[in-house]
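User: I'm new to this structure and would love a close look at the nonpolar core, with a little of its surroundings. Could you walk me through it?

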Amino acid sequence: MTKTALRFALLVVSLLFATAASAHHSFAPYEAQKQIKLVGTVEKFLWQNPHVYIQLRGAEEGQEERLWLIECANPGILNRIGWKFNMVKQGDEIAIAVAPMRNGQAAALLKAIKLPDGRIFGNGGPAGPATISLE
Amino acid sequence: MPRIVKSPLLLLLTPLLLTECHVVAQGAAAQAKTAYGAREIGGTWERYPTPFAGSGRDANAPPAPAPVPDPPLKPEHYGPWRAAQDEAAALTRAGQPPATNYTHCIGEGMPGMMAAMFPMEVLDTGRQITIIQEAYNQVRRIYVGEAPPPPEDSEPRFAGNSGARWEDDTLVVETTGIKEHVGYRNVPHSPNIRIAERISLLADREYMQNELTVTDPEYLTKPWTWTWMYKRWPGYKMQEYICEQNLWSADDAGAATLTIDLETP
């Protein structure tokens with residue numbers, strides 16, 4: 001299998017996962033194809049069920065700053081892919097790849113997060129992978 | 001007071017002996033991995049195959065079970081069910097998925113909880129088998145050596161009321177008493193619904209299969225059957241799942257909506 005074919009196969013599998021319902025609710029309210037990069041400061045980090053949330057004061061490059069609510073998977077999924085409950089802290093400067101809400105709310109589904117120390121984490125299988133770079 | 005080893009030969013051999021012990025221990029561990037008892041269903045499990053991050057796959061993996069078929073509902077029930085499914089799918093494609101029990105942080109109950117969307121723990125204490133689903137902290141208790149109450153005497157619950165018996169090395173579980181609004185895949189049912197499960201180990205007892213059969217002559221033309229499978233996940237520590245702050249709810253049209261103001265969730 002060529003690299004291109006392999007990438008395509010992986011993309012198809014990823015899309016299947018992305019359309020699967022999460023344990024709590026469908027991710028259909030978020031853009032299925034569009035991802036944006038946000039950079040900003042963490043105002044709140046809520047490690048809780050049914051979802052972990054990051055409240056971020058930040059912006060897409062060239063856009064006005066907004067207070068974003070970023071939806072993550074739940075603690076169980078995140079623990080299983082290497083997150084820790086104290087990994088994100090108020091005041092952290094982070095970069096994230098997200099799928100914004102289709103209805104224009106300042107909310108988005110996390111795809112990947114880059115922490116102040118440079119480490120990058122995904123958001124688990126149901127949320128699907130980042131298709132934009134945080135490097 | 002520990003005895004001091006005086007023999008130079010023993011001192012010389014000690015690292016070798018320790019290494020040998022280590023190899024023997026490793027061998028025992030490897031052997032133990034496939035030495036589960038024929039009825040040893042206790043332990044932690046993950047759904048197989050899983051779309052989520054898990055413990056990976058191995059060469060010994062059995063074929064995945066077939067997808068769950070549509071329910072064999074009677075025509076007068078199938079039409080409305082199919083229409084509701086299609087409408088929900090269309091709304092989801094449009095980005096307005098209808099709110100479900102999940103949206104309200106309510107667990108699946110039986111039989112949906114046995115899909116094990118998140119890891120699952122089975123505790124076998126002889127007369128009782130307890131199944132804990134990480135998703136929504138759901139618990140069901142199966143009483144071994146008992147039959148479930150007949151439907152008319154079975155208090156409706158999310159997990160129902162379950163009795164079981166061993167047939168050779170297969171645990172045969174019967175469940176009655178499912179709440180009316182607890183419907184796997186939104187399939188309606190009557191108070192007379194019965195769920196049978198045949199649970200057994202396979203593939204070196206590293207995997208477990210659950211053959212489910214739902215019978216409900218008032219709604220179904222024939223038994224509705226499918227299989228779910230699980231893979232052992234030794235060492236996995238179950239996590240809690242309590243809906244502490246649910247920012248999702250249903251709007252007036254029944255669509256799932258997100259409250260983004262954290263001050264007034």
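Analyst: Happy to! One definition first: the expected span of a helix is 1.5 Å times one less than its number of residues. Please keep in mind that this is a predicted model. In chain B, helix α2 (residues 75-93) has 19 residues and should therefore span 27 Å, and its end C-alpha atoms are indeed 27 Å apart, which agrees. Just after α2(B) comes Gly95(B), with a positive phi of about 85°.

Now to the core itself. The largest nonpolar core holds 39 residues. Trp45(B), Met110(B), Ala116(B), Met208(B) and Tyr230(B) have the most contacts inside it. Several strands of chain B give two or more residues to this core: β1 (43-48), β3 (128-133), β6 (170-176), β7 (194-202), β8 (207-215) and β9 (224-232). As background, nonpolar side chains tend to be buried together in soluble globular proteins.

Let's zoom in on Met110(B). Leaving aside neighbours within four places in sequence, Met110(B) is in contact with Arg140(B), Ala159(B), Gly160(B), Thr175(B), Ile178(B) and Ile195(B). Another core, of 32 residues, lies apart from the largest one, and includes Val52(A), Leu56(A), Trp68(A) and Ile113(A).

Finally, here is where the chains meet. Chain A brings 29 residues to the contact and chain B brings 25. On the side of chain A that touches chain B, β1 (36-46) and α2 (75-80) of chain A are the elements giving two or more residues. The most come from α2(A), with five residues. Sorted by class, that side of chain A has 14 nonpolar, 12 polar and three charged residues.

How values were computed:
Residues are numbered from 1 along each chain as its sequence is written. Chains are lettered from A and ligands numbered from 1 in the order in which they are written. This is a predicted model: local features need pLDDT of at least 70, side-chain atom pairs count only at pLDDT 80 or more; totals for chains, interfaces and linings use all residues. Helices (H or I, at least four residues) and strands (E, at least two) are DSSP runs, numbered from the N terminus. Two residues are in contact if their C-beta atoms, placed from the backbone, lie within 7 Å. Ala, Val, Leu, Ile, Met, Phe, Trp, Tyr, Cys and Pro count as nonpolar, Asp, Glu, Lys and Arg as charged, and the others, Gly among them, as polar. A nonpolar core is a set of buried Ala, Val, Leu, Ile, Met, Phe, Trp, Tyr and Cys residues joined through C-beta atoms within 7 Å. A residue is buried if 20 or more other C-beta atoms lie within 10 Å of its own, exposed if 12 or fewer, and partly exposed in between; C-beta atoms are placed from the backbone.
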